[in-house]
Amino acid sequence: MLTKDAPRLRDMPAGDVIKAYRRWAPVYDATFGRLVRDGVKQATTRVNSFSGRLLEAGVGTGLALPHYGPQLSVTGIDFSADMLRRAHARVSKAGNENIESLVEMDACNMTFADSTFDVSVAMYVLTVVPEPQKAMSELARVTKPGGTVLVVNHFSVDHGMRGAIEKGLAKHATKLGWRPEFPVDTVLTCDKLRLVSIKSVKPLGFFTMLEFRRIG
Ligand SMILES: C[S@@+](CC[C@H](N)C(=O)[O-])C[C@H]1O[C@@H](n2cnc3c(N)ncnc32)[C@H](O)[C@@H]1O
């Protein structure tokens, strides 16, 4: 799949991401999880206007899983076994019958066949994956033509106080487990995905929801 040129990014080796989420897993819901809750609700509300098979890439501890409607049959993937274990526990406890499977898999190299899903979602994941452009191409590949790809993410700016903070934090990306410096152009590289809407997400518009249509 063709991709356009994207900004150069700080390396996030897979082993470092897995280590970072081993540390995050026990405290994720009580910390970062609180910050992303509004975005998860906003994204799942949008996704619930669709039906069919849904992929959640980087499902983490499964915060979104209880919010998906019964018309969606959900597959979640993540390459942190520690985060996934919590997602499994959440589903067992809540008894969500529309969760088809939760599997350990790299979003940059998925084993699903082309056009498997009607909708694919990646929330707070692309700043983390080792190769975000590859993840976007993979999301496009596994989504049916005409289907939807929804991305919720933090995108950096290169000016003002916020830009300065993001630049300052960038050197800690590996420890944090995400890249503070991550321009939106990074995810606008796949020629099979047409951007159809951009929405600000709470809190404080720090996050953004991008909706793409998969071009046939
Ligand atoms: C910030 S958490 C977001 C979790 C969840 N989407 C949420 O909204 O709470 C990022 C997740 O992406 C996962 N991840 C990072 N790189 C990945 C990759 N290449 N393939 C699959 N999952 C990945 C991490 O293990 C982690 O669980």
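This note goes through the strands, cores, surface patch and salt bridges of a predicted model.

1. Strand β7, which spans residues 207-214, is mostly covered, with 7 of its 8 residues buried. On one side of the pairing list stands strand β5 (residues 143-153), which pairs with β7 in the antiparallel sense over 6 bridges, and within that pairing V149 has F212 as its bridge partner. Strand β6 (residues 193-201) also pairs with β7 in the antiparallel sense, here over 8 bridges, and R194 has R213 as its bridge partner in β7.

2. The hairpin of β6 and β7 has 5 residues between the strands, and L204 takes a positive phi near 60° in this hairpin. A reader who inspects the backbone of this connection may wish to look at L204 for that reason.

3. The largest nonpolar core holds 38 residues, of which V47, L54, L65, Y68, L102, M123 and Y124 touch the most other members. At least two residues of this core come from each of α1 (14-24), α2 (32-47), β2 (72-78), α3 (81-94), β3 (99-104), β4 (117-123), β5 and β7, and the largest share, 5 residues, is supplied by α2.

4. What does Y124 touch, once residues up to four places away in sequence are not counted? Its contacts are F32, V36, G39, V40, V152, N153, V201 and F207. A second core, separate from the largest one, has 27 residues, including V125, A135, V151 and F182.

5. Helix α4 (residues 132-142) is mostly covered as well, since 10 of its 11 residues are buried. The buried residues are P132, Q133, A135, M136, S137, E138, L139, A140, R141 and V142, a list in which charged and polar residues such as E138, R141 and Q133 appear beside nonpolar ones such as L139 and V142. The buried residues of α4 pack against β1 (52-57), β4, β5, β6 and β7.

6. On the surface, V184, L188, L195 and I198 make a nonpolar patch of about 290 Å². L195 is found in strand β6, and this residue is partly exposed, with a relative accessible area of 33%.

7. A search of the whole structure finds 9 salt bridges. In one of them the side chains of E211 and R46 meet at 2.7 Å, N to O; E211 lies in strand β7 and R46 in helix α2, so the pair ties together parts that are 165 residues apart in sequence. E211 counts as buried at 5% relative accessibility, whereas R46 is partly exposed, with a relative accessible area of 30%.

8. E211 also forms a salt bridge with R213, and here the closest N and O atoms are 2.6 Å apart. R213 counts as partly exposed at 23% relative accessibility, and R213 is the residue already named as the bridge partner of R194 in β7.

9. The side chains of K144 and D118 meet in a further salt bridge, at 3.1 Å, N to O. Because K144 lies in strand β5 and D118 in strand β4, this pair ties together parts that are 26 residues apart in sequence. Both ends are partly exposed, K144 at 31% relative accessibility and D118 with a relative accessible area of 22%.

10. Finally, R22, D82 and R85 are linked in a network of salt bridges.

Note on methods: Residues are numbered from 1 along each chain as its sequence is written. This is a predicted model: local features need pLDDT of at least 70, side-chain atom pairs count only at pLDDT 80 or more; totals for chains, interfaces and linings use all residues. Side-chain values use heavy atoms; hydrogens and water are left out. Buried means under 20% relative accessible area, exposed over 50%, partly exposed in between (1.4 Å probe, protein chains only). Helices (H or I, at least four residues) and strands (E, at least two) are DSSP runs, numbered from the N terminus. Two strands pair if DSSP finds at least two bridges between them. A nonpolar core is a set of buried Ala, Val, Leu, Ile, Met, Phe, Trp, Tyr and Cys residues joined through side-chain atoms within 4.5 Å. Contact means heavy atoms within 4.5 Å. Patches are made of residues with over 30% relative accessible area and no salt bridge: like charges are joined within 9 Å, nonpolar side chains (Val, Leu, Ile, Met, Phe, Trp, Tyr) within 5 Å. Accessible areas come from the Shrake-Rupley method with a 1.4 Å probe; for residues, only the protein chains shown count as cover. A salt bridge is a side-chain nitrogen of Lys or Arg within 4 Å of a carboxyl oxygen of Asp or Glu.
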